[in-house]
Structures are given as structure tokens and as C-alpha cells.
Amino acid sequence: MLSRIAESLFWLSRYIERAEYTARILDVNFHTLLEQSRDRYRLRWEPLIVMAGEEERFRRIYDEANARAVFEFLAFSPDNPSSIMQCIAKARENARTIRDCISREMWEDLNGLYFQVNRFNPAEEMEAGPHRFCDAIRFGSHRFHGVTDATLPHDEGWEFLRVGWFIERAEMTARLVDVQYHALYDAPPEIGGSDNHQWMAVLKSVGAYEAYHKKYHSSIDPEKVAEMLIMHPLHPRSIRFSMTEVQSGLRAISGTGSGSYANEAERLTGKVLERLRYDRIHEIFNLGLHSYLNDMLKMCGSIGEDIARSYFYYAVVA
Amino acid sequence: MGTPGFETPTLLKSRFENYWLNGSYDEMFESEGVPRPQYRALYEMLLSLPVEEMRRRKQTADISFLHQGITFTVYGREEGTERIFPNDLLPRILTSSEWGTIERGLTQRITALNLFLRDIYHEGRSLKAGVVPSELVYSCRHFRRQMREFTVPKNIYISVVGSDLVRLPDGSFAVLEDNLRVPSGVSYMLTSRTVMKRVFPELFRMAGVRSIDHYSETLLATLRALAPEGRPEPNIVLLTPGVFNSAYFEHAFLARQMGIELVEGRDLIVDGGIVYMKTIHGLTRVDVIYRRVDDEFLDSLTFRRDSVLGVPGLMGAYRAGNVALANAVGNGVADDKAIYAYVPTFIRYYLGEDPILRSVDTYLCSKRDDLAYVLEHLSELVVKAVGESGGYGMLMGPTADRARIEEFDRQIRADPRNYIAQPVVPLSRVPSYDPALECIAGRHVDLRPYCLYDGENVTIVPGGLTRVALQADSLVVNSSQGGGSKDTWILRGED
């Protein structure tokens, strides 16, 4: 498989996942806040911008992180390279250049999604609230993955889609947990630790609210929420689950068996997974959740870089 | 009132009421209301097919084209650059003897053109003998000095050809243009056949139409024949300028049909005189490149330095014999419109045969007498810039306004070598379905058959791209100017 094609597939699914994740968080945050008092707004909207890693750009455009501004910035803004619209456009552009390597159904589906989201009128949607828009993105992403799974041969190309998809998800979940803890623990007690609504929102945004109750049979406990999102072996949005998918994707590409690794990306993925498997949540908290997740994000970054080094880029011949 | 959607025979006859014969050769009718034998089945079917049914078949065809994504790109627009290639519902039909002449004529012509290219880049026999003026060859913009004294694999310069033929008022075919560089359009020929089989299955059976399905396989075999020695399992790739190129659909289509990799310049790298493609498992050697990138853009070390579409060092690898290119570099000199005038002469010179296909009379502005005549008669002639194709740099004298004629007058005087002129050729006409008027009318057409040359044989799949001027009386068949395509049927023997 050509490196260019592999790289486009990798980024294609990363962008779709980023769009979906952003949509989920926006939607849930908005609806949780409908039942909360006004003074908490800033505390609730700012973390989303932090999570996207776009504080600086955001501040250059807006004075205040309110629902409208954050929604516009994360969903529609052409100035935000990670806005949902930008992600969908970039996913489509990646697909367009490799049209002959993906199934026709995939192209048609993604193209349809692109035109669908472009028909939304930002002004109208901001009036109506993010639900309709975010729902379309979420549904579009699910459909695209379904179409991909059902129509593309599960060969190397499919594996690159899978790796891109799950490395993005692992990073997004790590950021979500990190930012929410940061925001909630630094907040005054009446907003912070005891505020179960916000933790419910976190669970809902990754679609894990019901799964949480099924597993823990208890009320919302921030430590357990973190445990669930970081190390649950089977919940499809946990970091551990995502990294397991990344690992099997990478191994399928290189043909490496378990217990060994073919490149730095595989070595680091294995290392991350060891920790996710054998650490306990209270150990993590003792060490400091923030630095733990930060480590994890750094490793994910290195994994991405090494995938590019191993498979996409060729040094220029002098 | 009769059954809905079913009309009386008198009304059906009216489907041809907008059809009249003029000075052009009419391929369907030999005289008013009398169809030629090869068109009789189609004629009768058209008379008996209710209007409703025609409409339905037209819709079926259109949807089929849309879903297959058969598009071409219109330059200069940001969104929606892709357009569906308009397709005419009715097939164009040629008999096996008509086709036989075309086949023999093109085989002869391609053989001679290939000999000509080999000659001018080596000994230059024909130039020394005065068969072709050497200044015409050396002044050609597409002459590549890098190709001198270089022996291309198996001496094949022209692997893929798409020659444009027209049919003159007496019914004979003439060559209007040779496309020896990167001829396109073959994907339209192949896909429009697929669609037509769905739309007129009954007619196919009745008429006895020859298949064109083997084009991609023959192309692959043609490319394989170029592989360097000692490469029994050659890696063949198709080099495209990329997704923004107007023929990208075709590049992807052909690569898929042949099961070869579709690559861009940035996917390839030259190291130690060998071309490799960059794959996720390392560099893989490339043996044959079916390139759909123009000469000028192939190698920024040799040709245009600003080109990012090609592969730096490619010409070195080519000249070292480590990679084959199809078509060869430097072919443009042989499809130069001024050289065109000499093709009949060098067919006689190289092959000792009379040309089977006619050429259109051509005035070379580089000749003093011709120049004087052309400048006198600009409003009657078609003037063409010699190195251009696709309808660019052209003056249609009879329909041009004064300003345009004066503009050409200036340009021709400034650079006579760059222009030729020809009389207006009254292209032949074939029946065409007008979906707006729901009637059948005569429209002008040309024909581009696709020829493959492997050094021993010229293979021409029995068919071609018939381009049709969908506007009444228009002689311009280019897709960028409102032209469409028609499926071209070559009938099996015994006519």
C-alpha cells in the first residue's frame, strides 16, 4: 500500500472521530447546563476550549466563554482548525484524494455528510441549541464507521483507519477526563467534588452513563468515573479499550505477534497498555491524575509521530 | 383516446420531423426516409418505441452515468468542479467493412508515426532526404533533445494513441489529428457501453455488436511489453497529476480495471537510477509507468523546474533503461499540426505504401505561398496553433467576428510557424436524441478510436469515443463546449 494512501486513511478517521467527540461533548454540556444556575457558566464552558487546546485562538475572537461562543467556535468556526465543520471538510478532502482506494459507499456517505452539515445555518442552529447539529454529526460518524466496516476489505487500509480512529479517541478521552477533573477539583466545593451532575454529563458525553451504573451499582463517584473512562477493558470509549484497538491494528499492519514489537509505535503502545492494565485507580490519584494523563497524552503523541515515521514519511534523498 | 403513454404511428413518425439532410454525410439515411442497412434495426425500434419509453430510457441512462460518477472537471470553479459528461442516448453504428478500413488505416499510420519518431531522434534519414523539412522538426516546441540517441524500450514510442477521425461528405474517413502524448477519453467509451447495454439490450442482440471489454487487459499487456529485461513480474503503475486533473476519473478507472497502483509524483522517488514507490513496507521498485502527466512536468531536474507533479531524476532512470514510460517522451513532435501535413508523405517514405486514410488539406503558414493564401481567406478557414489540442488556440473563420479574425491575423504574422489552416470540414451527422424536444435530430460527430501498439501489433478495440455536438448545426464537439459522447457500435461481419 502506498504511504500516501495509508496516511490519508489514518487522518480520515481521526478527523471523523474528532468531530464526533466534539459534538458529543458540546451537546451534553449544553443540556446539563440547562438545569444549572447562570454563575457556573464560565466554569462549564471554558474546559471545552481547553480540551480542544485552542484557548489562545478562542480568546483572540471572543471575550467570554459562553454557550453561544463556544458552540460557534467548536462547531462552525473556520478559524478553529479543529471545529467540527473543519474536521468533516478535512476528512472529506482526505477521502477525495484516495477515492479509488475506498469503497464507493464510503465516499458517497462521507460526501453526503459533508453536504448535510454544510446545509446547516450556523445562526439558526445557535438559536436552536446544538442538539440537532450534534446529533447529525454523531449519527453521521456512526454510519460512516458502519459503512466502512461493511464495505471495505479488512486489509491494511482498514487497519490504518482503525488505528487513526482509536488513537484519536484515546487522546480525546484522556483530555476529557483531565480537563474535567481540573475544572471540578479547582472549583469551590459547592461546584466541585459534590457536583454529580457534571460527572453525569461527562459519562453521558461518552455514552457511558448507563454502563457506569451497570458496573458499579452506585451513585456517581468521580474516582470511579475516572477508572471507568481510563481503564475499563471493554467500554469502547475507555483509553484502555482504544489503545488495545490501536495495538491490534498496528500488529496487523506489521505482522508482529504478541510479546514483541516491530517499531517504536508498537513498543510505546505496549507500554501504555501495561500501565492501563496493571495500575490501580487510587495509585493514579496518589501520583496525580493530571500528570498521569499528561504522560499518556505525550505517549499517544509519540505513537502518532512514530507511525508517521515508520509508514508515511521518507527522508529526502540527498 | 387510446392507451396512455402509447401513441399512434403517425405521431411516432413525427419523431424524425426535425431531421433533415444537408451537405454533410448522413450516417443513418442514404436518402430522405431511407435508412442505411446497418441502421434499419435502430430506425424501426425508434419508430415503434413510445415517447414515454424513450423518456424512461433516457432517464435510466442518465442515472446510470451519475451513479458511476462519470465526470470530467471544468477548470476555474471552486465548488462543483466535477460535471457529468453528457451522453447521447442513441448509438452510432459502423459496419465491419467501414471499421476494417479504419483499422488498416490507423495501423499503417501508427506504424509510420512510430518509425518517424525513432528516425528523428536517431539518424534523421527522412530529414536528410528532404521528406520532412528539418527546421519544422527542430523548431517544434515538443521536440525533446534529451531523447536524441536514446533507444526507447523495444523502439516503441507510441503505446497508446487516440486519433481523431472525421467523415467527409463522400463517406470516407480522414484523420484530423493524431494524439500521441496522453490521449484521454477511453473511460467514457468503456462506461458508456456498460450503460447502453442496460438501456438497449434488445438492440444489441439484434444488431450483433462487437465487444470492447478487452481494452484494459490489452492495455496492461501493452505496458507489460515495455518492461526492462530481467523483470519477469514488472511493477506497472499509472502516474496521475492528481485529483484536480480533469481526467482523474479516467486515471482511477483504468488503474482499478488493470489492478495497478495509481500513483502521484510524490509517491515515487529515484535512487541510484532506479524508480521506487513509497509504500508502508518500504520502497518498491517500479518498472513501467503509464504516465498521464505531460512531458514538461515529468522531471523537474530535466524539464520545468517548478513542477511538483513529476519525479525528480525520472529522465535519468528512463535513459538508463531502468524504467519504461508510456508513451515515450518527445512524441509531441509527431502530432504537431504542421508535421501532420507530412504524414502521408512519410507513410510512403517509410512503408512504401499509399496512405489508406485521407488527411485534411493543410496550409502551413511557415510556407510563404500558404501564408499569403491563409491571410487572404481567414474568414473561410479553420486556423489552429500547431502545438495545442482540445480546441484551444483555434479560429473558426466562418463564425468568428472581425476582432477575432484581426487578432489571429496579427498572431499569424508574428509567428507563422505556430499556425496552420484547414478548410472547414463538414463533419458527418448521426441521429441524436434531443430530450428537451423529445425528437431525433441529426448532429455532427467525430470519432476517436483507441489504439494500442506493443511493437508487433496494433490493437484497436472495435469502438471508440464518438463525440457529438449536441447543439444543432454546431461543428464543435469538445466536451468543454457543449459536446457529448455516444456509444460507438462496430457490427460483426457480413454486411
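Residues 1-12 of chain B have pLDDT under 50 throughout, and the model gives them 8 contacts beyond four places in sequence. A second stretch, residues 76-80 of chain B, also has pLDDT below 50. That stretch makes 0 contacts beyond near neighbours in sequence. Where pLDDT is low, the predicted coordinates should not be read in detail. This is a predicted model. Chain B as a whole has a mean pLDDT of 89, with 92% of its residues at 70 or more. The model scores are ipTM 0.81 and pTM 0.85.

**Domains**

Both chains carry a domain assignment.

| Chain | Domain 1 | Domain 2 | Distance between C-alpha centres |
|---|---|---|---|
| Chain A | residues 1-152 | residues 154-318 | 20 Å |
| Chain B | residues 229-322 | residues 362-423 | 37 Å |

In chain A, 28 residues of domain 1 are in contact with 26 residues of domain 2. On the domain 1 side, helix H1 (3-33) and helix H2 (41-52) of chain A are the elements that give two or more residues. H1(A) gives the most to this side, with 18 residues. By class, the domain 1 side divides into 16 nonpolar, 6 polar and 6 charged residues.

**Contact between the chains**

The contact takes 16 residues from chain B and 14 residues from chain A. Four elements of chain B give two or more residues to its side. They are helix H10 (248-258), strand S10 (261-263), strand S11 (268-271) and strand S12 (274-279). The chain B side holds 8 nonpolar, 1 polar and 7 charged residues.

**Helix H14 of chain A**

Helix H14 of chain A covers residues 264-278, 15 residues in total. From first C-alpha to last, H14(A) reaches 21 Å, close to the 21 Å expected at 1.5 Å a residue. Its buried residues are Ala265(A), Glu266(A), Leu268(A), Thr269(A), Val272(A) and Leu276(A). Why do they lie on the same side of H14(A)? They cover an arc of only 165° around the axis, which puts them on the same side of the helix. An α-helix has 3.6 residues a turn, so residues three or four places apart point the same way.

The buried residues of H14(A) pack against three helices of chain A: H12 (222-231), H13 (239-254) and H16 (289-312). The face of H14(A) turned away from the buried side carries exposed residues Glu274(A), Arg277(A) and Tyr278(A).

Note on methods: Residues numbered from 1 in each chain as written. Chains lettered and ligands numbered in written order. Predicted model: local features only at pLDDT ≥ 70, side-chain atom pairs only at ≥ 80, totals over all residues. pLDDT = per-residue confidence, 0-100. Contact = placed C-beta atoms within 7 Å. Expected span 1.5 Å × (residues − 1). Buried ≥ 20, exposed ≤ 12 C-beta atoms within 10 Å, placed from the backbone. Arc of directions from axis to C-beta. Domains from an automatic or database assignment. Nonpolar A, V, L, I, M, F, W, Y, C, P; charged D, E, K, R; others polar.
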